Amino acid sequence: MEAAGFALSVAGLVTLFDACLHGFDLLEQGKDFSRDHAVLLTRLDAQRAIFAIWGSAIGLSGKDHGSCIDNLLDSDLRIIIKGHLECISIIFEDAAQLSQKYGLKPRKGDITRQISGTQSGLPLRSYLRWFQKQTSYRRKAKWVIRDLAKFKNMLDDLSKLITELRDITSTIADLRRQRDIFVNEMAECTDVDDMEIIEEALSAEDPALSTAASERRLALTEAAITVRSFPVSHLDHAVEEDMETHADSDDDNLSL
């Protein structure tokens with residue numbers, strides 16, 4: 001009976017984690033937003049990526065599902081995790097709070113209602129190409145931002161809860177490894193402007209990740225400068241040499 005109860009509690013954590021993960025998909029995003037708008041939405045996407053990596057690290061999702069979750073058996077830690085996940089879920093599900101406290105409004109044409117965290121959905125709406133890789137499915141967005149200052153409060157509340165989850169589970173899910181996974185994914189971004197926005201967004205989430213983003217941005221910038229500074233005359237000379245080589249080869253073939 002005790003084993004069955006544990007299995008149910010683990011399943012409950014997995015379901016709750018999945019609902020929270022879907023909650024990050026509540027916002028619609030377009031291409032014509034201001035930079036401040038883009039940074040805040042990128043920060044939300046960064047939070048989602050950090051949260052997803054954390055969930056995989058402790059066994060709530062991904063290929064390592066169940067590998068670490070046994071460490072939560074009969075521990076107060078499981079109760080604390082459940083409480084934090086419930087708080088994250090409430091942030092996304094309370095329509096009145098989303099509107100009044102966090103400065104969101106229902107998307108035009110949608111009916112105002114609470115968001116269900118269990119729906120699956122359409123391809124993600126991320127502004128930045130790198131974050132498009134982080135999720136392959138997204139729910140239909142129901143909200144848009146009307147007040148950036150209030151929306152920042154929402155990001156601060158989410159950040160606090162996610163940071164606490166990562167800290168209290170650091171003994172079973174190494175933070176350095178989680179950062180390494182994030183950095184490896186981030187290395188796939190090849191756009192300097194995108195990386196600059198990611199760097200700014202991460203500064204509020206994880207200074208170490210922000211530093212990694214800065215290093216990646218500088219590397220991309222230096223690579224672009226190197227390409228632009230390569231003397232055109234050298235390129236022309238190389239082309240001329242190549243043409244002469246082919247011409248000599250053609251003459252040799254004709255003589256044969």
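Me: Residues under 20% relative accessible area are called buried, those over 50% exposed, and those in between partly exposed. This is a predicted model. What does Lys152 count as?

Reply: Let's place Lys152 on that scale: its relative accessibility is 40%. The value falls in between the cut-offs of 20% and 50%. Lys152 therefore counts as partly exposed.

Me: Thanks! Which residue forms a salt bridge with Lys152?

Reply: Look four residues away in helix H5 (residues 148–168), a separation of about one helical turn. The residue there is partly exposed, with a relative accessible area of 29%. The closest N and O atoms of the pair are 3.3 Å apart, and the partner of Lys152 is Asp156.

Me: Which residues are joined with Lys152 and Asp156 into one network?

Reply: Start from the pair Lys152 and Asp156, which form a salt bridge. Salt bridges that share partners extend this into one network. The residues that join Lys152 and Asp156 there are Arg43 and Glu205.

Me: How many residues apart in sequence are the parts that Arg35 and Glu196 tie together?

Reply: The side chains of Glu196 and Arg35 meet in a salt bridge, at 3.8 Å from N to O. Glu196 lies in helix H7 (residues 192–202) and Arg35 in helix H2, so the pair links parts with a sequence separation of 161 residues.

Me: Which residue of helix H7 also meets Arg35 in a salt bridge?

Reply: This contact is 2.8 Å, N to O. Arg35 lies in helix H2 and its partner in helix H7, so the pair ties together parts that are 165 residues apart in sequence. The partner has a relative accessible area of 37%, which makes it partly exposed. The residue is Glu200.

Me: Helix H2 keeps coming up. How many of its residues are buried?

Reply: Helix H2 runs over residues 35–57 and reaches 32 Å from its first C-alpha to its last, close to the 33 Å expected. H2 is mostly covered, and of its 23 residues the number buried is 18.

Me: And in helix H3, how wide is the arc that the buried residues cover around the axis?

Reply: Helix H3 (residues 76–93) has 18 residues. Among its buried residues are Leu77, Ile81, Leu85 and Phe92. The buried set lies on the same side of H3, because its arc around the axis is only 155°.

Me: Which residues are exposed on the other side of H3?

Reply: Exposed means over 50% relative accessible area. On that other side of H3, the exposed residues are Asp76 and Ile79.

How values were computed
Residues are numbered from 1 along each chain as its sequence is written. This is a predicted model: local features need pLDDT of at least 70, side-chain atom pairs count only at pLDDT 80 or more; totals for chains, interfaces and linings use all residues. Side-chain values use heavy atoms; hydrogens and water are left out. Helices (H or I, at least four residues) and strands (E, at least two) are DSSP runs, numbered from the N terminus. The expected span of a helix is 1.5 Å times one less than its number of residues. Buried means under 20% relative accessible area, exposed over 50%, partly exposed in between (1.4 Å probe, protein chains only). The arc is that of the directions from the helix axis to the C-beta atoms. A salt bridge is a side-chain nitrogen of Lys or Arg within 4 Å of a carboxyl oxygen of Asp or Glu.
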